Amino acid sequence: MASPVKMSDQFPGLTSDPLSGYIEELGPLLSRGKMEELEDELERLRAIVEESSVLKAVVMQLRDANKKQILATNRAQKIRDEAKEFNRRQNEFLVILVHELRNPLAPIGMAASLLESMPNATPQLIKIQEIINRQVKHMARLLDDLMDVAHITSGEVAVLPEPILLANVLQEAIDIVQWRLDGRRQLLHADLPTEPVVIDGDQIRLIQVFSNLLINASKFTPDGGNISITATHVQKNILVAIKDDGMGIRASLLPHLFELFTQGPRSEACSEGGLGVGLSVVRNLVRMHRGEVDVFSDGEDQGSTFTVTLPLCTDLNSVRFLLGQEKLA
């Protein structure tokens with residue numbers, strides 16, 4: 001007589017765990033269809049258990065990742081707080097330094113003026129007075145740049161834009177640096193649009209931008225060199241380019257030239273040096289005018305070109321009013 005067939009032989013899915021044994025005992029009492037339903041249910045339960053264990057592992061991973069993220073966020077916040085405190089202390093130091101250096105600068109300038117007014121001054125004395133005056137102006141500009149850096153990084157500098165004529169801005173910037181160009185016998189060539197160009201800007205700050213760029217061009221151009229300034233329309237913007245035939249800039253320095261305390265090339269022909277803050281101030285002021293500043297150079301001894309792109313004034317009523325005022329003046 002053949003041995004009875006077990007339910008587990010007919011349904012391999014019922015070969016493990018206590019539930020399978022219980023179903024095996026119920027086998028003789030259940031129909032084949034009911035057994036198949038139970039086996040399917042058992043498979044679903046096993047799948048749920050497996051899915052639950054997978055979800056549990058995922059939850060553990062998420063908890064670990066969340067813990068790491070919280071720690072990283074706390075570290076980042078600490079670094080930001082430390083950087084903010086460092087910037088605050090740096091700005092305080094710069095402000096104090098500027099004030100301390102300005103104190104002796106005033107009497108030096110006064111002494112130079114007295115030398116100029118002395119009767120029967122010899123040519124040698126006049127030359128000494130010119131050198132002192134030139135260096136006092138240079139020091140005063142360096143101190144102004146340092147003060148601007150402190151104010152910009154602390155968010156204390158604000159621009160007051162209004163419709164202004166670009167030609168007036170550029171002319172005042174040229175007037176500021178003309179004494180320097182004349183002293184080094186450098187020629188400045190200006191090619192500006194014949195029609196008035198109106199932009200929205202803070203005239204004082206934009207004069208500072210372009211005078212800084214002109215001084216920079218003069219600094220790195222040899223005596224007797226050439227500097228040009230041009231302005232061209234580019235869509236709804238005006239692009240001002242200041243080009244020189246001076247020392248040029250190596251390619252590795254170009255991406256960092258507008259960073260704070262980055263200094264340009266040095267040579268015996270350029271003994272003035274600098275603090276590496278002027279171009280950083282230029283970039284910040286231009287961006288505050290919704291503009292951009294760029295630099296181009298083919299390499300050392302190939303000259304360089306700085307460009308400033310500024311949006312044109314789009315308020316036609318303001319443009320008409322400004323041009324009417326200029327005609328009356």
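**Figure 1. Buried positions along helix H4 in the predicted model.** H4 buries a series of residues. Among them are Gln129, Val136 and His138. Further along the helix, Leu142 and Leu143 are buried. The buried set also includes Asp145, Leu146, Met147, Asp148, Val149 and Ala150. Ile152 is buried as well.

**Figure 2. Length and end of helix H4.** H4 covers residues 123-153, 31 residues in total. At 1.5 Å a residue, the expected span is 45 Å. The end C-alpha atoms lie 45 Å apart, so the model agrees with that expectation. Gly155 follows H4. Its phi is positive, near 75°.

**Figure 3. A salt bridge within helix H3.** The side chains of Lys68 and Asp64 meet at 3.4 Å, N to O. Both residues belong to H3, which runs over residues 32-117. They sit 4 residues apart, about one turn of the helix. Lys68 has a relative accessible area of 52%, over the 50% cut-off, and therefore counts as exposed. Asp64 is partly exposed, at 38% relative accessibility.

**Figure 4. A salt bridge between two loops.** Asp223 and Arg184 join their side chains in a salt bridge of 2.7 Å, N to O. This pair links distant parts of the chain, 39 residues apart. Asp223 lies in the loop between helix H6 (203-219) and strand E4 (226-234). Arg184 lies in the loop between helix H5 (166-183) and strand E2 (187-191). Arg184 has a relative accessibility of 14%, under the 20% cut-off, so this residue counts as buried. Asp223, at 44%, counts as partly exposed.

**Figure 5. The salt bridge of Arg287 and Glu292.** The two side chains meet at 3.9 Å, N to O. A salt bridge requires a distance within 4 Å, so this pair qualifies. Arg287 is partly exposed, with 47% relative accessibility. Glu292 is partly exposed too, with a relative accessible area of 39%. Side chains of opposite charge can pair when their charged atoms come close.

**Figure 6. The setting of the close-ups: the whole protein.** The protein contains 8 helices and 7 strands. Of its 329 residues, 35% are buried. Among contacts with a separation of 6 or more, 72% join residues 24 or more positions apart. The exposed area is about 20,600 Å². Carbon and sulfur atoms supply 57% of that area. The structure holds 5 salt bridges.

Methods. Residues numbered from 1 in each chain as written. Predicted model: local features only at pLDDT ≥ 70, side-chain atom pairs only at ≥ 80, totals over all residues. Heavy atoms only, no water. Buried < 20%, exposed > 50% of the residue type's maximum accessible area, 1.4 Å probe, protein only. Contact = heavy atoms within 4.5 Å. Areas by Shrake-Rupley, 256 points an atom, 1.4 Å probe, with all protein chains shown as cover. Expected span 1.5 Å × (residues − 1).
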